[in-house]
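I opened this one with a fresh notebook page and a cup of coffee. My notes follow in the order I looked things up.

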Amino acid sequence: MLKKNQNKTGSYDFFHCIEKNFNKAAKFISVEKGLLEQIKLCNSVYRINFPVRIGKEIKVIESYRVQHSHHKLPCKGGIRYSIKVNQNEIMTLAALMTYKCAIMDVPFGGAKGGIKIDPQTMSIDNIEKITRRYTSELIKKNFIGPGIDVPAPDYGSGEREMSWIFDTFLSLNPGDVNALACVTGKPISQGGVRGRKEATGLGVFYGIRELCRMKEEMFSIGLDIGIIGKKIIIQGLGNVGYHVANFFYNSGAIIIALAEREGAIYNENGLNISDVLSHLKETGSILNFPGAKNINNTDKALELECDILIPAALENVIHKNNADKIKAKIIGEAANGPITYDADKILRKKGIIIIPDIYLNAGGVTVSYFEWLKNLSHVRYGRVERKFSENMNSELLQIIETICKKKVSIEEKKIILRGASEIDLVRSGLEDTMINGFHKIRDLKKSLCINSTRTAAFLLSIKKIVDSYKKLGIFP
Ligand code: NAD
């Protein structure tokens with residue numbers, strides 16, 4: 001007998017998987033039922049069908065913008081371009097954004113957008129036409145704006161699309177001095193912030209690195225402390241997956257397998273990430289990479305033996321039918337919702353440590369927050385104080401050299417004098433946020449003896465949102 005919200009195979013749909021995780025965490029605090037309902041449900045769901053001429057035909061494009069929570073404004077969340085886009089998926093992703101922002105102390109409500117197209121089979125001109133029309137539909141209904149709702153990239157979209165969104169917004173809001181802050185993930189020349197493109201991947205790296213520094217957790221799964229030599233498998237070599245792979249590779253980890261749509265590649269001695277990327281650009285596929293074995297059924301790569309498995313493509317890729325075959329010791333959820341509710345239980349029973357998406361992939365929205373602040377302040381990070389810091393460092397160094405009667409080398413001088421640039425500040429802000437988030441979740445998990453990091457992460461998030469609603473005065 002199927003339960004409510006279970007599909008024919010007995011699995012819960014994406015939104016209800018998240019709801020079940022939420023309910024599990026909510027049991028650890030005493031809060032009025034109505035307030036919990038308010039937090040869980042999506043505040044506004046906007047479904048837009050609009051016509052676009054593609055070649056000689058008129059095509060109706062299905063799209064969405066969901067604002068999950070207005071407890072903090074603006075709302076914030078990426079726009080997904082995929083043929084699989086549907087309302088349930090966008091509602092779920094919007095909800096995850098709310099929980100993510102709360103954990104990271106990023107003062108936004110969650111939102112998400114989706115356009116049901118396959119950008120891989122479309123011309124750039126048509127993607128631009130659709131993006132601009134979608135943006136103008138959002139403007140019509142007041143679903144976009146620096147203080148209202150601020151989109152960003154997600155699966156299938158990137159800097160290019162964010163630039164078109166900004167340009168459309170500005171042309172329909174001439175003279176809005178804060179228009180740049182209507183969207184994040186823009187190119188640097190269009191008000192983007194240095195470090196945004198790789199932010200989600202770098203955040204994933206910082207989060208997993210922090211876990212790998214914890215003696216207790218590492219010894220419990222029979223691994224040594226640190227990243228060096230850890231065997232890693234990554235699914236999805238897009239914006240998130242590519243940067244994750246690169247940061248791990250450059251820190252001495254061994255990337256033994258990479259999985260893409262068309263198949264996976266495996267080399268137990270490790271794959272050189274920049275060589276794989278060159279091969280992908282040259283041949284259009286990761287398959288047949290010199291020295292690596294092809295795995296034609298790409299999903300099978302998830303089942304290979306490794307220390308850390310990082311799904312960085314799409315949701316529901318680890319489910320109750322393959323969870324038992326997963327041999328990783330750690331799973332870092334770089335993608336949103338890659339593990340279903342049922343699979344999560346199976347994996348935890350096997351002793352696998354899961355670092356949940358609502359914490360691990362929050363680096364993107366954290367740096368989007370920095371970009372939004374930059375756009376509102378109209379000045380690049382470091383521009384005002386960099387030279388001052390360098391001058392101060394230089395004076396200090398001269399005093400030290402005089403006292404010690406010793407000169408430092410030119411190379412050492414360069415390091416000591418350097419003032420912080422935009423990328424330095426963005427990365428240090430991201431690193432600090434990821435490390436803090438990790439320890440807040442870990443401390444809560446330990447203090448309440450919670451058996452799942454996901455539950456602890458949800459609980460931390462719920463506590464913060466409850467507090468915010470209570471202070472708003474809605475629920476005294
Ligand atoms: P992307 O479009 O840049 O890359 C996704 C990659 O996954 C592509 O290379 C695609 O070919 C590959 N892929 C698709 N189906 C696959 C399959 N079955 N097996 C293996 N690979 C497959 O998207 P992205 O921005 O990297 O997003 C990836 C995930 O990370 C999504 O779940 C997204 O919601 C999440 N995320 C993204 C960001 C961001 O800043 N872009 C932030 C937080 C979370």
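**Entry 1: a bridge to begin with.** I started at Ile308, whose bridge partner in β11 is Ile330. I am working with a predicted model here. Stepping back to the strands, I found that β10 and β11 (residues 330-332) run parallel and are joined by two bridges.

**Entry 2: the other partner of β10.** I then looked up β6 (residues 231-235), which pairs with β10 in the parallel sense over four bridges. Within that parallel pair, I noted Gln235 standing opposite Pro311 of β10.

**Entry 3: the faces of β10.** Which residues of β10 lie on either side of the strand? I found Ile308 and Ile310 on one side, with Leu309 and Pro311 on the other. These four residues are all buried, and both faces of β10 (residues 308-311) are covered.

**Entry 4: the loop ahead of β6.** I went to Ile227, which sits in the loop between α7 (215-220) and β6. Is Ile227 buried or exposed? Its relative accessible area is 8%, and the cut-off for buried is under 20%, so I put Ile227 down as buried. Setting aside neighbours within four places in sequence, I listed its contacts as Arg209, Cys212, Phe248, Ser251, Gly252 and Ala253. I also checked a distance from this loop residue: Asn269 is 42 residues away along the chain, and the C-alpha atoms of Ile227 and Asn269 are separated by 16 Å.

**Entry 5: a glutamate in a helix.** My next stop was Glu390, in helix α13 (residues 386-404). Its relative accessibility is 17%, so Glu390 counts as buried. What does the side chain of Glu390 reach? I found the backbone nitrogen of Gly419 at 3.1 Å from it. Not counting residues up to four places away in sequence, Glu390 touches Leu417, Arg418 and Gly419.

**Entry 6: an open sheet.** I turned to a sheet of five strands, which is open and has mixed pairing. I wrote its order down as β1-β2-β4-β3-β5. Why is one side of β1 and of β5 left without a neighbour in the sheet? β1 (44-54) and β5 (149-153) stand at the edges and have a single partner strand each, so one side of each has no neighbour there. On average, neighbouring strands of this sheet are turned by 25 degrees against each other, direction ignored.

Inside the sheet I picked the pair β2 (residues 57-67) and β4 (residues 109-115), which is antiparallel and has five bridges. One position I marked is Tyr64, which stands opposite Gly114 in β4.

**Entry 7: the whole chain.** I finished by zooming out. I counted 16 helices and 12 strands in the chain. The radius of gyration is 23 Å, close to the 23 Å that the globule rule gives for 476 residues, so the chain is as compact as a globular protein of that length. Along the principal axes, the C-alpha atoms fill a box of roughly 80 × 60 × 60 Å.

How much of the chain is buried? Buried residues make up 55% of the 476 residues. I also looked at contacts with a separation of 6 or more: residues 24 or more positions apart account for 67% of them. My last lookup was the accessible surface, which comes to about 21,400 Å², with 53% of it belonging to carbon and sulfur atoms.

Definitions and conventions:
Residues numbered from 1 in each chain as written. Predicted model: local features only at pLDDT ≥ 70, side-chain atom pairs only at ≥ 80, totals over all residues. Heavy atoms only, no water. Pairing = 2+ DSSP bridges. Axes fitted to C-alpha atoms, helices over the stretch in contact; angles between N-to-C directions. Rg over C-alpha atoms; globule rule 2.2 N^0.38 Å. Buried < 20%, exposed > 50% of the residue type's maximum accessible area, 1.4 Å probe, protein only. Contact = heavy atoms within 4.5 Å. Areas by Shrake-Rupley, 256 points an atom, 1.4 Å probe, with all protein chains shown as cover. Polar contact = N/O pair within 3.5 Å; in protein donor to acceptor, adjacent residues only side chain to side chain.
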